[in-house]
Amino acid sequence: MPCSRAPSALSSEVSRVLYRALLRACDNGRRPECLPMGAAVGPVDAAELPRSAREVVAEIRRSSVEAFAALRHTSECARALHPPPGSLPASLPAFILPTCTLLPGERADFTLFEPRYLALARHALGLGGGAAPPDGRYAHLPDSASGAVGTVASILSHQSLSDGQVVVRVLAGPRARLVRTSRLEEVHRPGGEGGPPLPPLQHVALETLADEPGEDAAADAALARECLERLGELGPLHQPP
């Protein structure tokens, strides 16, 4: 990573602290997907990602990303993609979106405008104040019923618009199963306008699902290749069959 600031701007002691923090955040290279690589040039071949502490340090030295920005990015991704066991809240607000399932590691932008999802933003981001610090995460689910499988999504950034809507950029973390609905939060129209009751904001308890590679890595790789080959045989979706 030659960093964007001059090498002399950081003392050797500070540089060592940054390197060690980056190594911890990416689990000594075992979680290279957390490193700020390839964002400007497109997808990165998994075979080219660093796999050891030595390779991670070499990648850090080669990168053009500013050192503290790299640490911020890596820590953010590590928290979103690999939350430590027991670190998730007992209950999270749920964003029910059947038309858009997020896969672990996927990034997406959403504009929140329904009252229940504006309430979700207030909970996740602490927009309305409150005693507890905001967690920044929510359950992204295709269905509101028990057993639905989605992901734990982390809000990386947001923008509050003048019309009251909130735009969020999210990173999908681990897959999770909806265990039960903790509570249904009643929401109201802006300005207290009358009308029929609005859909409530669902708060849910989740069970995270392990997605670690299986014992037979060769079989997993062969299955992945077969899936890619079959997808490659499909014609473009905009063309009639």
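Colleague: Before we get going, what counts as two strands pairing?

Modeller: Two strands pair if DSSP finds at least two bridges between them. Keep in mind that we're looking at a predicted model. Here, strand β1 (residues 92-96) and β3 pair in the parallel sense, over three bridges.

Colleague: Which residue of β3 does A94 stand opposite?

Modeller: A94 faces A139 in β3.

Colleague: And in which sense do β3 and β4 run?

Modeller: Antiparallel: four bridges join β3 to strand β4 (residues 149-160). A139 turns up again here, with V152 as its bridge partner in β4.

Colleague: How many residues of β3 are buried?

Modeller: The cut-off for buried is under 20% relative accessible area. Five of the five residues of β3 (residues 137-141) are buried, so the strand is largely enclosed by the rest of the structure. Take the two faces in turn: R137, A139 and L141 sit on one side, Y138 and H140 on the other, and all are buried.

Colleague: Let's try single residues. Is H203 buried or exposed?

Modeller: Buried, with a relative accessible area of 4%. H203 belongs to strand β6 (residues 201-208).

Colleague: What does H203 touch, leaving out residues up to four places away in sequence?

Modeller: Contact means heavy atoms within 4.5 Å. For H203 that gives S91, L92, P93, H123, T181, S182, R183 and E185.

Colleague: Now R54: buried or exposed?

Modeller: Exposed is over 50%, and R54 has a relative accessible area of 73%, so R54 is exposed. You'll find R54 in helix α2 (residues 53-62).

Colleague: How far apart are R54 and N28, in sequence and in space?

Modeller: They are 26 residues apart in sequence, and their C-alpha atoms are 8.7 Å apart in space.

Colleague: Which elements have the lowest and the highest mean pLDDT?

Modeller: pLDDT is the predictor's confidence in each residue, from 0 to 100. Among the elements of the chain, α2 has the lowest mean, 68, and β3 the highest, 96. For the chain, the mean is 80, with 77% of residues reaching 70 or more.

Colleague: Where does pLDDT stay under 50, with one contact beyond four places in sequence?

Modeller: That's residues 38-43. Residues 1-8 also stay under 50, but there the model has 22 contacts beyond four places in sequence.

Colleague: How should predicted coordinates be read where pLDDT is low?

Modeller: Not in detail.

Note on methods:
Residues are numbered from 1 along each chain as its sequence is written. This is a predicted model: local features need pLDDT of at least 70, side-chain atom pairs count only at pLDDT 80 or more; totals for chains, interfaces and linings use all residues. Side-chain values use heavy atoms; hydrogens and water are left out. Buried means under 20% relative accessible area, exposed over 50%, partly exposed in between (1.4 Å probe, protein chains only).
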